[in-house]
Amino acid sequence: MASTNIAPPVLDVFDIGIGGMTCASCVGRVERALKKQGTVVDVSVNLATEMARITPSDAVQDAQAWQREMRRVIRDAGYEPTAQTLAETDDVDRWLGIDTAFIPTLAALLLSAPLLLPMLVQWLSMPLTQTVWVSMPAPWIQFVLATPVQFVLGWPFYKSAWHALKALTGNMELLVAIGTSAGWGLSTWLWLTFNGEGLPHLYYEGSAVVIALVLLGKYLETRSKRQTTSAIRALHALKPSTAKLLPDGIGRDDVVDIPVADLLVGDRIRVVAGERIPADGVVVVGRSSVDEAMVTGEPLPVVKRMGDAVIGGTLNGEATLDIAVSAADTHSVLAQIIAMVSDAQASKAPVQRTVDKVAAVFVPVVLLIAAATLWFWLAKGVPFEEAMINMVAVLVIACPCALGLATPAAMMVGTGVAAKHGILIKDAQALEQAYAVTTVAFDKTGTLTAGKPSVVAHQWPLAASLDAQAQLRADLLAMQLNNPHPLAQGLREWLTAQDAEKATGATHGASASSPSSAISAIENVAGQGVQALVHNRPCYMGSVVWMQALGLDTALSVAPWADVLQQWQSSGYSVSVLANDGGVQGMFAFGDAVKPSAARAVALLQRAHINVVLMSGDNQAASRVVGAQLGLTDDHIFGQLLPGDKAKAVAKLQANNHVVAFVGDGINDAPALSTADVGLAMNNGQHGDVAMQAAGMTLMRADPLLVQAALSISKQTVRKIRQNLFWAFAYNVAGIPLAAMGLLNPVVAGAAMALSSVSVMGNALLLKRWTPDQDDA
């Protein structure tokens with residue numbers, strides 16, 4: 001039997017965790033090592049997530065073998081490749097109730113405390129009338145306490161520094177290792193060569209406390225990183241592990257629990273009250289309210305009945321639903337959301353690439369400054385130990401890790417909180433571009449309007465009583481009950497709403513929700529309308545042109561019908577007429593109703609000094625009617641635009657120095673979404689997949705107010721990035737000269753260095769307090 005060789009699958013990108021990175025220099029070293037490989041097209045390493053996204057070249061045929069090679073490259077660079085599970089779990093291993101990751105830090109703090117305590121008591125007593133002096137422990141005790149901190153608990157610094165030296169680069173660990181080793185070595189030399197009386201002045205406390213503080217800073221930084229990935233973990237937590245599979249009458253006669261990953265399209269599953277829906281699907285049996293807040297940001301439960309689509313991960317309410325699965329686990333809406341948020345957090349903002357270039361030369365420059373500091377103080381004639389301590393302070397206070405965390409930390413939190421409110425950001429570039437948007441161009445249909453026809457105006461005969469109107473509504477509902485035409489659907493919804501409104505007052509005649517039984521011979525006339533026998537009289541409902549062909553349009557040329565018809569047609573409405581041999585019995589204007597929040601969304605954007613324009617494929621008259629309801633002037637309204645024309649209109653705005661965001665929802669909007677500086681795809685749950693692929697941001701609810709919210713979180717995130725970068729640079733620019741001038745001792749420098757990274761993470765985490773404040777643009 002001949003064997004068939006099946007080539008291993010190729011892949012678009014490879015995401016892998018990387019352990020041991022601590023600063024921007026580490027990021028640069030990993031990226032350089034991977035980019036040297038001929039099979040790598042692009043690399044993006046994220047310090048905040050400790051992940052790398054590697055794009056292979058087309059030459060890669062065996063994906064598994066290539067992935068093994070990439071792991072080897074990462075390991076040879078001095079780091080540990082890990083599985084990509086960091087974002088999915090938040091488990092903390094504990095020993096005696098203590099986080100095991102904190103134990104080395106705790107041990108360093110306990111061993112350093114006796115060395116720091118005498119100095120701390122002296123500092124705290126300085127404001128008092130008499131300074132309290134506490135003698136330092138004996139030199140041999142200082143040595144015993146400081147040495148384990150230096151070489152056991154501080155071993156990771158030496159290991160990382162050695163890998164950096166082998167790669168002819170530098171990192172934070174190299175600075176810490178050189179600085180603290182110099183302090184420990186100086187203290188040991190002074191102790192062993194001391195011949196005087198009393199205690200020699202040693203500096204063990206400086207080296208030990210610096211290592212303890214750096215370890216503490218890294219631990220706090222790691223805890224902050226966990227918080228930045230909380231949005232991804234929350235999304236993962238929405239996925240149930242099992243589903244109740246209903247019997248199919250062939251292979252199964254009972255309801256069975258199976259893993260969600262084993263569900264197939266077409267399977268029928270049961271979701272009881274209070275359970276999360278395991279997969280995307282369509283309700284086939286039941287009626288219940290579903291909480292979609294974590295997926296779409298919609299705060300109120302949505303009623304789902306037979307035929308309605310449901311999203312996997314949402315929470316079923318008060319009743320049992322039977323659902324037909326429409327998408328497999330990896331292709332579900334929730335899976336796409338998680339992938340999009342992960343992609344955004346893995347991407348690198350343009351400003352970060354500049355920071356990486358600075359970080360690449362940062363450590364060598366610091367080493368030169370430290371050497372110059374030592375030479376300067378020795379040249380001034382100060383004692384060798386004092387010159388050495390100033391050099392150590394320079395090495396210890398320099399902090400490339402704050403530079404490395406400034407951008408990705410803010411990106412992680414910003415994209416996570418945006419996803420929580422139904423705004424999915426595709427990449428960092430879209431975020432930065434959104435910060436500078438000056439013009440928002442809206443598609444009309446489905447974006448600012450409902451995207452389906454509805455009755456926007458109606459006219460009954462002037463002489464028709466309330467009873468007669470009620471009877472006409474009942475006749476109309478019977479005529480249109482099974483008509484699949486979109487106008488018929490809109491008419492049925494309007495008749496139902498009219499009936500509900502009438503039900504709140506006195507009841508007159510027939511009910512619109514109860515179709516008249518005096519209807520027969522119903523026939524749909526293609527392209528024209530519907531005809532039927534109503535109370536044994538021929539009755540017609542359709543276009544004005546059809547009425548003219550039937551000779552039933554006489555009344556349309558006189559008041560009040562003629563005036564109303566002219567007004568509706570000039571407004572771009574579609575008009576349908578109800579008539580029989582007795583003349584016109586009613587007239588209805590169909591239009592695409594403006595969404596309730598659309599006018600407010602436009603007003604908020606204008607209040608934020610953002611120019612708003614309307615672009616539509618509909619005729620100019622209809623576009624102007626919608627624009628007028630939104631407060632837009634004619635020069636901001638563009639109608640009769642084909643998909644390519646919308647893209648050209650966006651490009652024309654860009655040529656006039658506008659930074660353009662385009663908001664659309666359909667396939668026809670894809671060219672404009674791709675052309676715009678920022679594309680925002682509005683998910684209408686129908687045909688927005690292509691639009692979502694072309695856009696830089698996706699709005700999970702078809703609510704125009706989310707446009708302002710998306711621009712707001714983008715601005716807030718970019719501001720945090722800039723604040724972090726400012727403080728990271730300012731800290732180093734101010735701290736290094738102070739240390740070189742001898743104004744900072746190593747202990748203070750170490751504390752400041754640890755605080756810098758923690759402060760950058762803390763500032764980024766403030767973004768978690770952001771909410772879409774629609775009343776304040």
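This passage describes selected strands, a mixed sheet, residue contacts and salt bridges in a predicted model.

It is convenient to begin close to the N terminus, with strand β2. This strand spans residues 40-46, and 5 of its 7 residues are buried, so that β2 is mostly covered. Its partner is strand β3, residues 51-56; the two run antiparallel and are joined by 6 bridges. Within this pairing, Val-43 is found opposite Ile-54 of β3.

A broader arrangement appears further along the chain, in an open sheet of 7 strands with mixed pairing. Reading across the sheet, the order is β16-β28-β27-β26-β17-β24-β25. The edges are formed by β16 (423-425) and β25 (637-638), each of which pairs on one side only. At the β25 edge, the neighbouring strand is β24, residues 611-615, and these two pair in the parallel sense over 2 bridges. Here Met-615 stands opposite Phe-638 in β25. Helix α24, residues 705-740, lies across several strands of the sheet, namely β16, β17 (439-443), β26 (660-664), β27 (678-682) and β28 (697-699). Relative to β28, the helix runs at about 140 degrees.

Two residues in other strands illustrate how parts of the chain come together. Ala-324 belongs to strand β15, residues 321-325. With a relative accessibility of 17%, Ala-324 counts as buried because the value is under the 20% limit. Its C-alpha atom is separated by 5.3 Å from that of Val-282, although the two residues are 42 residues apart along the chain. Once neighbours within four places in sequence are set aside, the contacts of Ala-324 are Asp-267, Arg-268, Asp-280, Gly-281, Val-282 and Val-284.

Ser-576 offers a second example, this time in strand β22, residues 574-580. Ser-576 has a relative accessible area of 9% and is therefore buried. Leaving out residues up to four places away in sequence, Ser-576 touches Leu-487, Met-541 and Gly-542, along with Gly-586, Met-587, Phe-588 and Phe-590.

Attention can now turn to side-chain pairs. The count of salt bridges comes to 6. One of them joins Lys-646 and Asp-443, with the closest N and O atoms 2.9 Å apart. This pair links distant parts of the chain, since Lys-646 sits in helix α21 (residues 643-655) and Asp-443 in strand β17, 203 residues apart. Both Lys-646 and Asp-443 are buried.

A further salt bridge connects the side chains of Asp-581 and Arg-537, at 2.5 Å from N to O. Distant parts of the chain are again linked: Asp-581 lies in the loop between β22 and β23 (583-594), while Arg-537 is in strand β21 (residues 537-543), 44 residues apart. Asp-581 is exposed, having a relative accessible area of 56%, whereas Arg-537, at 38% relative accessibility, counts as partly exposed.

The side chains of Glu-80 and Arg-75 also meet in a salt bridge, with an N to O distance of 3.2 Å. Glu-80 is partly exposed at a relative accessible area of 40%, and Arg-75 is likewise partly exposed at 38% relative accessibility.

Finally, cysteines deserve a brief word. The count of disulfides is 0. Cys-26 is buried, with 0% relative accessibility, and Cys-539 also counts as buried, at 8%.

Methods:
Residues are numbered from 1 along each chain as its sequence is written. This is a predicted model: local features need pLDDT of at least 70, side-chain atom pairs count only at pLDDT 80 or more; totals for chains, interfaces and linings use all residues. Side-chain values use heavy atoms; hydrogens and water are left out. Buried means under 20% relative accessible area, exposed over 50%, partly exposed in between (1.4 Å probe, protein chains only). Helices (H or I, at least four residues) and strands (E, at least two) are DSSP runs, numbered from the N terminus. Two strands pair if DSSP finds at least two bridges between them. A disulfide is a pair of cysteine sulfur atoms within 2.5 Å. Contact means heavy atoms within 4.5 Å. Axes are lines fitted to C-alpha atoms, for helices over the stretch in contact, and angles run from 0 to 180 degrees between N-to-C directions. A salt bridge is a side-chain nitrogen of Lys or Arg within 4 Å of a carboxyl oxygen of Asp or Glu.
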